[in-house]
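Me: I've got a model open here and a few labels I'd like you to justify. Can you walk me through them?

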Amino acid sequence: MTLPYEGHELAVAIADLLAHPDDPRLPTRQPWWRQSLALGVPGIALLHVELAAAGLRPWQRAHDWLATATSGPVTTGPDSHPFHGAPAITHVLACAATHQPGAYARALDDLDRATATDVRRRVAAAHARIDVGELPALAEFDAIRGLAGVGAYLLHRAPDGDELPAVLGYLVRLTQPLHVGSEVLPGWWTGSGPSGRANSRFPGGHGNNGVAHGIAGPLALLALAALRGIVVDGQTAAIARICAWFDRWRHDSAAGPLWPYWLTRLQLRADRAAAHRAQRPSWCYGTAGLARSQQLAALALNDRVRRAAAEDALVRALADPRQLAATTDPSLCHGHAGLAHIAKRVASDALPDTARQLRASIPRLLGSLDPHDAGPRHTAAALVAAGPGLLEGAAGAALAALNYSSAGPTASSWDGCLLTAPVTYPQT
């Protein structure tokens, strides 16, 4: 089935249910609520910004949500990261300022300075860790909590500053082999499990392949920066090294290529991953996110073969009943909204025939947001009841639907935080 109405109708219906940041039905007392881009106020504010930019709802709503996000102290330093605190709130304010030049200038300047200071501290700590040969934590480099996500913020806010090249230089170094005892590990190998904590299921740690928490996030940032003409020594070689890693662990199935979400130490030693099975082809882990990252890498390397292969991988994943059956929720992070959104972004940079196939799949994917043909209001109510936020809730589903609608903003970089943004997007 397909969504039986325009995507912006669903987005508006969701936004109308989330019109007031002080609504007592929302988790306003949770400590993360005001500053969490993933779950709370900033992510919902992002939806209102995009609707206002499209002329579908008033700017006042966006201002109200942004005022709530900045109504108290904003977390900076070690407790902040791309989806919480200063970088998260700055991303949303910057998206608003893109559509309203000059807005929020003082707040943005203050937050930019605080974040730049934190970036320098984090990069220095990461280099010091590499110098002594220790394994990194996922939160050092990933897209959700780490320097890949901070780099996405810098690519939008400060592409000409000193901090972005510093982040890129660190990521180049991250891709270089790390000698641990008698073994040679990829530089992004972590000593923890995928949760970021020690896990007996992962003796010797793991190598994470995802966009959210693994090496695909740094790959996307390195490629996006290169496509913007921002290149440091070793960056092209680093992109190629990560691509070679994905080539090594690709499994060519009847439904297209599959990549494991992560590798254990035993699998690395055996040079063989576990038996492949149908898995969610999502943004956070799986083929959709990896296809976009590898497409961007191919564009940066001018590798036509890799580009075609990455785009075809997504086409085949979205046509595979088993992979689609493994996708059971509507979210942006790991559900149907995320698949629709990535299909749109990959199509925008794809070869013509592939772009056509991907665009044809999007109505069906968005239709999964309303499987019972309940209409936008009832579907919006169900999505909001399940959770209001960006990554796993209604705001993210609304943004994916709006992004596909002809009534959406003509130019937007709201998904820069996901490292799926257009190759060229508007600057503040």
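Me: Which residues line the largest cavity?

Reply: Keep in mind that this is a predicted model. The lining of the largest cavity is made of Pro 82, Phe 83, Pro 87, His 91, Ala 143, Gly 149, Ala 152, Tyr 153, Gly 416 and Cys 417. Its volume is about 80 Å³.

Me: What makes it a cavity and not a pocket?

Reply: The way out. A 1.4 Å probe fits at the points of a cavity but cannot get out, whereas a pocket is an open set. The count comes to two cavities of 30 Å³ or more, and the largest, at about 80 Å³, is one of them.

Me: How is the lining of that largest cavity divided by class?

Reply: Seven residues are nonpolar, three are polar and none is charged. Gly goes with the polar group by definition, so Gly 149 and Gly 416 of the lining are counted there.

Me: Which helix gives the most to that lining?

Reply: Helix 7, with three residues. Helix 4 (86-99) and helix 7 (147-157) each supply at least two.

Me: Why is helix 7 called largely enclosed?

Reply: Buried means under 20% relative accessible area. For helix 7, 11 of the 11 residues are buried, so the helix is largely enclosed by the rest of the structure. Even His 156 and Arg 157 are on the buried list, along with Leu 154 and Leu 155, among others.

Me: What do those buried residues pack against?

Reply: Helix 4, helix 5 (105-131), helix 6 (138-141), helix 8 (163-174) and helix 9 (216-227).

Me: Why does Thr 264 count as buried?

Reply: The cut-off is under 20%, and Thr 264 has 17% relative accessibility, so it counts as buried. Thr 264 sits in strand 6 (residues 262-264). Leaving aside neighbours within four places in sequence, Thr 264 is in contact with Trp 189, Phe 202 and Gly 205.

Me: On to the open spaces. What is the volume of the largest pocket, and how many residues line it?

Reply: The volume is about 690 Å³. The lining has 32 residues, with Pro 194, Tyr 261, Trp 262, Arg 280 and Tyr 285 nearest the centre. By class, 20 are nonpolar, seven polar and five charged.

Me: And what about the second largest pocket?

Reply: That one has a volume of about 210 Å³. It is lined by 14 residues, and Arg 250, Pro 257, Trp 259, Ala 309 and Ala 310 are the closest to its centre. Strand 4 (251-253), strand 5 (256-258) and helix 13 (304-318) each give two or more residues, and helix 13 gives the most, with six. The class split is five nonpolar, three polar and six charged.

Me: How do you know that helix 15 and helix 18 are in contact?

Reply: Contact means heavy atoms within 4.5 Å. The axes of helix 15 (residues 336-348) and helix 18 (residues 394-404) come within 9 Å and cross at roughly 35 degrees. The contact is made by Ala 337, His 341, Lys 344 and Arg 345 of helix 15, with Gly 396, Ala 397, Ala 400, Asn 403 and Tyr 404 on the helix 18 side. By class, that gives four nonpolar, three polar and two charged residues.

Me: Which hand does the crossing have?

Reply: Helix 15 passes helix 18 in a left-handed crossing. The label goes to a near helix turned anticlockwise from the far one by less than a right angle.

How values were computed
Residues are numbered from 1 along each chain as its sequence is written. This is a predicted model: local features need pLDDT of at least 70, side-chain atom pairs count only at pLDDT 80 or more; totals for chains, interfaces and linings use all residues. Side-chain values use heavy atoms; hydrogens and water are left out. On a 1 Å grid over the protein atoms alone, a cavity is a set of points where a 1.4 Å probe fits but cannot get out, and a pocket is an open set with protein on both sides within 12 Å along at least five of seven lines; lining residues have an atom within 4 Å of a point. Grid points are joined across faces, edges and corners, and a volume is the space filled by probe spheres set on the points. Helices (H or I, at least four residues) and strands (E, at least two) are DSSP runs, numbered from the N terminus. Axes are lines fitted to C-alpha atoms, for helices over the stretch in contact, and angles run from 0 to 180 degrees between N-to-C directions. Buried means under 20% relative accessible area, exposed over 50%, partly exposed in between (1.4 Å probe, protein chains only).
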